[in-house]
Amino acid sequence: MTGTYSSDHTALLIVDPYNDFMSEGGKLYEAIKPTADASGLFGNLRQIIPSARRAGVRVFVVPHHRSHEGDFDGWQHINMFQEAGLSTKAFEVDTWGGEFNPEFGPQKGDVIIKEHWAQSGFANTDLDAQLKQHGIQKIILVGLIANSCIESTARFGMELGYHVTLIKDATAAFSHEGMQAAAINAPMYAHAILSTRELLDQRPFAS
């Protein structure tokens, strides 16, 4: 598979790199820690993200909606997950947890996409428009959560005609069952399912 990716037409999508997920003390950090430790999420992101930037692969940050007071007031159809999260106020605006993790979040030159309200980074955001304007044909997804935002964004991307790559050890979930569900569903929409090592062996990542 060497040579599969071109830096001009490939993007790395980092999904939900907030302190609440990725920093010790974050509201959801302990919830993902068992699967993050099992997959090697943080160590693998420390390899993938700098490698992408060195290779000239553009980085897109795909953030979840940050919690505001009264977010769902008047909604007709709040889903069960959204309702369950009302008391948690994950990624709350104007708080440390709602800021990007300084290591895994955006840097100068990255594209920050508008926040998604549920799971898909494409739904009701500018992700598709930004990818097209930057000439992107292939998307590589890392971040959180494997069986929700990663899966939904990847599925939507496939339906829109993008080549989708999942990095199976650069994600995590709220449970091992969630990771299993993501792994079972992945072949239905992904064009490639790689480990970090396999990705970094591809050009242009391989030095």
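Helices here are DSSP runs of H or I with at least four residues, strands are E runs of at least two, and both are numbered from the N terminus. The model is predicted.

**Backbone outliers**

Start with the loop between helix 4 (80-84) and strand 3, where Lys89 is found. Lys89 is not a glycine, yet its phi is positive, about 55°. Its relative accessibility is 30%, so Lys89 counts as partly exposed. The loop between helix 4 and strand 3 also holds Asp94. Phi of Asp94 is positive too, near 65°, and Asp94 is a residue other than glycine. Asp94 counts as exposed because its relative accessibility is 76%, and the cut-off for exposed is over 50%.

Gly40 follows helix 2 and has a positive phi, near 80°.

Two peptide bonds are cis. One runs from Leu144 to Ile145, with omega near -10°. Ile145 sits in the loop between strand 4 and helix 6 (146-159). The other joins Arg203 and Pro204, with omega about 10°. Pro204 belongs to the segment after helix 8 (196-200).

**The sheet**

How are the strands ordered? Six strands make an open sheet in the order 3-2-1-4-5-6, and the pairing is parallel. Strand 3 and strand 6 (192-194) are the edge strands, each pairing on one side only.

Strand 1 (residues 10-15) has strand 4 (residues 138-144) as a parallel partner, joined by six bridges. Strand 2 (residues 58-62) also runs parallel to strand 1, with five bridges between them. Strand 2 in turn pairs with strand 3 (residues 111-112) in the parallel sense, over two bridges. Toward the other edge, three bridges join strand 5 to strand 6, again parallel.

Individual residue pairs mark the register:

| Strands | Residue pair |
|---|---|
| Strand 1 and strand 4 | Val15 and Gly143 |
| Strand 1 and strand 2 | Ile14 and Val61 |
| Strand 1 and strand 2 | Leu13 and Phe60 |
| Strand 2 and strand 3 | Phe60 and Val111 |
| Strand 5 and strand 6 | Leu166 and Ile193 |

Phe60 appears twice: its partners are Leu13 and Val111 in strand 3.

Is strand 1 mostly covered or uncovered? Strand 1 is mostly covered, with six of its six residues buried. Both of its faces are covered. Thr10, Leu12 and Ile14 are buried on one side, and Ala11, Leu13 and Val15 are buried on the other. Strand 2 is mostly covered as well, with four of its five residues buried.

**Helix 2 and its surroundings**

Helix 2 (residues 29-39) buries Tyr29, Ile32, Thr35, Ala36 and Ser39. These residues span an arc of only 140° around the axis, so they lie on the same side of helix 2. An α-helix has 3.6 residues a turn, so residues three or four places apart point the same way. The exposed residues Glu30 and Ala38 are on the face of helix 2 turned away from its buried side.

What covers the buried residues of helix 2? The cover includes helix 1 (19-22), helix 3 (41-55), strand 4, strand 5 (163-172) and helix 7 (176-185). Relative to the sheet, helix 2 lies across strand 4 and strand 5. Its angle to strand 5 is about 110°.

Now take the contact with helix 3. Two packed helices are described by the angle between their axes and the distance between the axes. For helix 2 and helix 3, the axes come within 7 Å and cross at roughly 70°. Helix 2 is therefore roughly perpendicular to helix 3, since 65 to 115 degrees is the range that counts as such. On the helix 2 side, the contact is made by Tyr29, Ile32, Ala36 and Ser39. On the helix 3 side, Leu41, Phe42 and Asn44 take part. Five residues of this contact are nonpolar, two are polar and none is charged. Tyr29, Ile32, Ala36 and Ser39 are also among the buried residues of helix 2.

How values were computed. Residues are numbered from 1 along each chain as its sequence is written. This is a predicted model: local features need pLDDT of at least 70, side-chain atom pairs count only at pLDDT 80 or more; totals for chains, interfaces and linings use all residues. Side-chain values use heavy atoms; hydrogens and water are left out. Buried means under 20% relative accessible area, exposed over 50%, partly exposed in between (1.4 Å probe, protein chains only). Two strands pair if DSSP finds at least two bridges between them. The arc is that of the directions from the helix axis to the C-beta atoms. Contact means heavy atoms within 4.5 Å. Axes are lines fitted to C-alpha atoms, for helices over the stretch in contact, and angles run from 0 to 180 degrees between N-to-C directions. Angles under 35 degrees count as roughly parallel, over 145 as roughly antiparallel, 65 to 115 as roughly perpendicular and the rest as oblique. Ala, Val, Leu, Ile, Met, Phe, Trp, Tyr, Cys and Pro count as nonpolar, Asp, Glu, Lys and Arg as charged, and the others, Gly among them, as polar.
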